[in-house]
Amino acid sequence: MKKYVFIAAIVCFGCQLQAQIGINTESPQGVLHVDAKGNTSSSTNVSDDVMVNKSGNMGVGTISPATKLHIETAGTGFPAMHLSDGTEGLNKVLGSKDANGNMTWLAPPYSWARAFYLTGSRSFPNGSESFLFSTQIPKAGTYVVVLRWWGRANVSYPIISAYLYTREGTTSTASSSDIGRDAVEYYVKYPTNNGVFSFTTIFRVTISKDNNWLKMYITPSTPISQRYNWIIGGSGTDRNYNPSVLVFKI
């Protein structure tokens, strides 16, 4: 007799393992359904519910969790999550702490940008390197430099070109100790003497230390058989004849 009672108990326990469990509800809608206020009807009044479905998804404030953890707080006046681990603070963001996927509060990535025009009238002779500009970079990192050139040249030739160099230094002025970064040679069709021309080119520059200076140099080149100048600036600080620069961190 004891043998049959034990077998029946096992069978009943197995049945319970397949059942849905409801806490404060007589109509559980998942493997585990907690209705804190006991007021859920079908899919209404679920803001206080916690649900684990047969896929192993867990819902808080929803009985239809679509992900492993699905939280809905719309209309409740409560934030979706509160995490206190000692690193929390104003304007911090939740991010990866390590390669294992552990999470913690982090300071947001540093961002910085500057846009400016080169002003005044200047001439840059071909075959000679000239200092173009410098701007101080507050934080070490990688930056994109966008140069929109706008100027003239006092030569008539099918194609003209110039080398443009970006360098890093510790002062705002030209220096032989500047460290070379990115560079490009840009070609322009130029059949008309003193005609206005424009182009845009981009550099990727690494700044190794906080508050170092980003600098740009220019060496007009083609045609090397003639002496001529690349010229910027019209009357005073007329921006129609001056290049513009955009620098931003990536």
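**Aromatic pairs and charges over rings**

Phenylalanine 199 and tryptophan 230 are both buried. The model is predicted: local features need pLDDT of at least 70, side-chain atom pairs count only at pLDDT 80 or more, and totals for chains, interfaces and linings use all residues. Numbering runs from 1 along each chain as its sequence is written, and side-chain values use heavy atoms, without hydrogens and water.

Q: What makes phenylalanine 199 and tryptophan 230 an edge-to-face pair?
A: Rings of Phe, Tyr and Trp (its six-membered ring) pair if their centres lie within 6.5 Å; planes under 30 degrees apart are stacked, over 60 edge-to-face, the rest tilted. Here the centres are 6.2 Å apart and the planes meet at 70°, so the pair is edge-to-face.

Q: Why does this pair tie together parts that are 31 residues apart in sequence?
A: Phenylalanine 199 lies in strand S14 (residues 197-207) and tryptophan 230 in strand S16 (residues 229-232), so the pair links those parts. Strands are DSSP runs of E, at least two residues, numbered from the N terminus.

Q: Why is tyrosine 163 called partly exposed?
A: Buried means under 20% relative accessible area, exposed over 50%, partly exposed in between (1.4 Å probe, protein chains only). Tyrosine 163 has 31%, so it is partly exposed. Tyrosine 165, at 22%, is partly exposed too.

Q: How do you know that arginine 167 sits over the ring of tyrosine 217?
A: The test is NZ of Lys or CZ of Arg within 6 Å of the ring centre and within 35 degrees of the ring normal. The charged end of arginine 167 is 4.4 Å from the centre of that ring and counts as over it. Arginine 167 also lies over the face of tyrosine 165, at 5.1 Å from the ring centre.

Methods:
Helix = DSSP H or I, 4+ residues; strand = E, 2+ residues; numbered from the N terminus.
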